[in-house]
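Here's a quick briefing to read alongside the coordinates. Have the viewer open and follow the residue numbers as they come up.

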Amino acid sequence: MKEKIYTKKKLGIPMLLLVLVLWGVTITGFVIGIIHFINADEYGTPVNSLYVVIFIASIVMIVVDCILCSGFKMLSPNEAVVLTLFGKYKGTLREAGFYYVNPFCSTFNPAADTKLRQSDDVGTDKKIVVNQKNTEVISSKKISLKRMTLSNNKQKINDCLGNPIEISIAVIWKVVDTAKAVFDVDNYKEYLSLQCDAALREIVRIYPYDVAPNVDTTGDGVADEGSLRGSSEIVAGRIKEEIQKRVGEAGIEIIEARITYLAYAPEIAAAMLQRQQASAVVDARKLIVDGAVGMVQMALESLNENNIVDLDDERKAAMVSNLLVVLCGNHDAQPVVNSGSLY
């Protein structure tokens with residue numbers, strides 16, 4: 001359904017003055033009729049038919065005035081009201097101001113009372129009804145056009161390697177087409193929440209948690225280094241695009257999507273931590289060995305260049321072994337002094 005903007009004059013102030021005048025005339029006629037009936041009953045005079053007509057007309061005008069009062073609508077900036085008349089869509093009020101519309105028009109917003117861990121519709125009127133058991137908050141039927149944030153619960157999803165992870169996102173969104181939001185879907189807030197969950201699962205299953213070999217995350221057939229942990233900006237952009245494709249028909253625009261929580265699931269978190277520690281230890285050992293080999297090579301070249309000592313292959317091997325043990329060991333070396341012959 002296409003949105004129709006209500007373009008008629010606001011007429012709020014003129015109609016308010018007219019209704020106040022009508023209320024004054026109505027109350028005056030009602031009081032005059034009551035006083036006449038009291039006087040006729042007290043003094044035994046016959047009831048004048050003119051005062052009866054005035055009294056009946058006053059009662060009718062009370063009903064009419066109550067109906068007229070229901071046509072006032074007031075909007076703050078970045079708010080909208082969808083109007084329906086006997087089930088037919090009449091238009092949307094978008095501009096801030098004080099309006100008077102057909103008093104039989106009703107406002108429609110099926111998601112007015114829906115709360116899904118999202119920022120509230122700031123500026124909307126709320127009526128609080130308190131009873132003995134609980135407190136119920138009834139929201140107005142206005143639709144917020146402000147930017148709002150939806151923070152869904154954490155989800156457990158398997159990445160492309162089958163590892164279960166926990167992830168949650170925050171989505172910044174706003175309503176851009178009120179007619180689609182209220183008429184094309186049952187509840188646009190619940191619809192957005194469900195589509196965010198579905199889009200998140202669709203994107204997460206493409207990526208590994210951390211960089212893994214032989215994984216193609218872009219769909220070009222070439223392995224890359226994309227991951228949920230290392231490519232958060234790219235992943236967030238793809239999540240935003242996927243959500244937008246799903247909620248465009250509901251008149252919603254996705255402004256931004258961000259990953260707010262990312263971790264391995266508890267059942268594998270300890271094992272993955274050990275794996276990361278082992279990988280770090282291996283990388284550290286490799287760096288130590290590479291440095292030790294360079295130092296040994298530098299020592300042998302320096303001894304040969306300066307003709308300090310002439311070592312055969314067997315003695316070179318022993319020297320290399322001792323140096324590697326000293327340089328690669330976890331503890332300080334304990335030297336042994338040989339006071340005898342070299343051979």
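Buried, here, means a relative accessible area under 20%, while exposed means over 50% and partly exposed is what falls in between. Ser193 makes the cut: its relative accessible area is 12%, so it counts as buried. Bear in mind that this is a predicted model.

**Helix 4 and Ser193**

- Ser193 sits in helix 4, which runs over residues 188–204.
- Leaving aside residues up to four places away in sequence, Ser193 touches Leu116, Leu150 and Asn152.
- Ser193 has plenty of buried company in helix 4, including Tyr188, Leu192, Cys196, Ala199, Leu200 and Ile203.
- Why might buried positions recur along a helix? An α-helix has 3.6 residues a turn, so residues three or four places apart point the same way.
- The length of helix 4 checks out: with 17 residues at 1.5 Å a residue it should span 24 Å, and its end C-alpha atoms are 24 Å apart, which agrees.
- At the start of helix 4, Asn187 puts a side-chain oxygen within 3.2 Å of the backbone nitrogen of Lys189.

**The hairpin of strands 10 and 11**

- Strand 10 covers residues 155–158, and its side chains alternate. Gln155 and Ile157 are buried and point to one face, while Lys156 and Asn158 point to the other face and are not buried.
- Strand 10 pairs with strand 11 (residues 164–175) in the antiparallel sense, over four bridges.
- Across that pairing, Asn158 stands opposite Pro164 in strand 11.
- Five residues lie between the two strands of this hairpin, and Gly162 takes a positive phi near 85°.

**Aromatic pairs**

- How many aromatic pairs does a search of the whole structure find? The count is ten.
- One of them is Phe72 with Phe98: the ring centres are 5.5 Å apart and the planes are at 10°, so the pair is stacked.
- Phe72 belongs to strand 1 (residues 72–75) and Phe98 to strand 4 (residues 97–100), so this pair ties together parts that are 26 residues apart in sequence.
- Phe72 is buried at 18% relative accessible area, whereas Phe98 is partly exposed at 24%.
- Phe108 and Phe183 also count as stacked, because their ring centres are 5.5 Å apart and their planes are at 10°.
- That pair links distant parts of the chain, 75 residues apart: Phe108 is in the loop between strand 5 (106–107) and strand 6 (126–130), and Phe183 is in helix 3 (residues 178–184).
- Phe108 is partly exposed, with 32% relative accessibility, and Phe183 is partly exposed too, with 28%.
- Elsewhere, Phe30, Phe37 and Phe55 form one aromatic cluster.

**Leu75 in strand 1**

- Strand 1 also holds Leu75, which counts as buried at 5% relative accessibility.
- Leu75 and Arg94 are 19 residues apart in sequence, with their C-alpha atoms 7.8 Å apart in space.
- Beyond residues up to four places away in sequence, Leu75 touches Arg94 and several others, among them Ala80, Val81, Leu93, Tyr99 and Lys142.

**Cysteines**

- How many disulfides does a search of the whole structure find? It comes back with zero.
- Buried or partly exposed, which is Cys105? Cys105 is at 10% relative accessibility, so it counts as buried.
- Cys160, at 31% relative accessibility, counts as partly exposed.
- Cys196 is among the buried residues of helix 4.

Conventions:
Residues are numbered from 1 along each chain as its sequence is written. This is a predicted model: local features need pLDDT of at least 70, side-chain atom pairs count only at pLDDT 80 or more; totals for chains, interfaces and linings use all residues. Side-chain values use heavy atoms; hydrogens and water are left out. A disulfide is a pair of cysteine sulfur atoms within 2.5 Å. Buried means under 20% relative accessible area, exposed over 50%, partly exposed in between (1.4 Å probe, protein chains only). Two strands pair if DSSP finds at least two bridges between them. The expected span of a helix is 1.5 Å times one less than its number of residues. A polar contact is a pair of N or O atoms within 3.5 Å; within protein, one must be able to donate a hydrogen and the other to accept it, and residues adjacent in sequence count only if both atoms are side-chain atoms. Contact means heavy atoms within 4.5 Å. Rings of Phe, Tyr and Trp (its six-membered ring) pair if their centres lie within 6.5 Å; planes under 30 degrees apart count as stacked, over 60 as edge-to-face and the rest as tilted.
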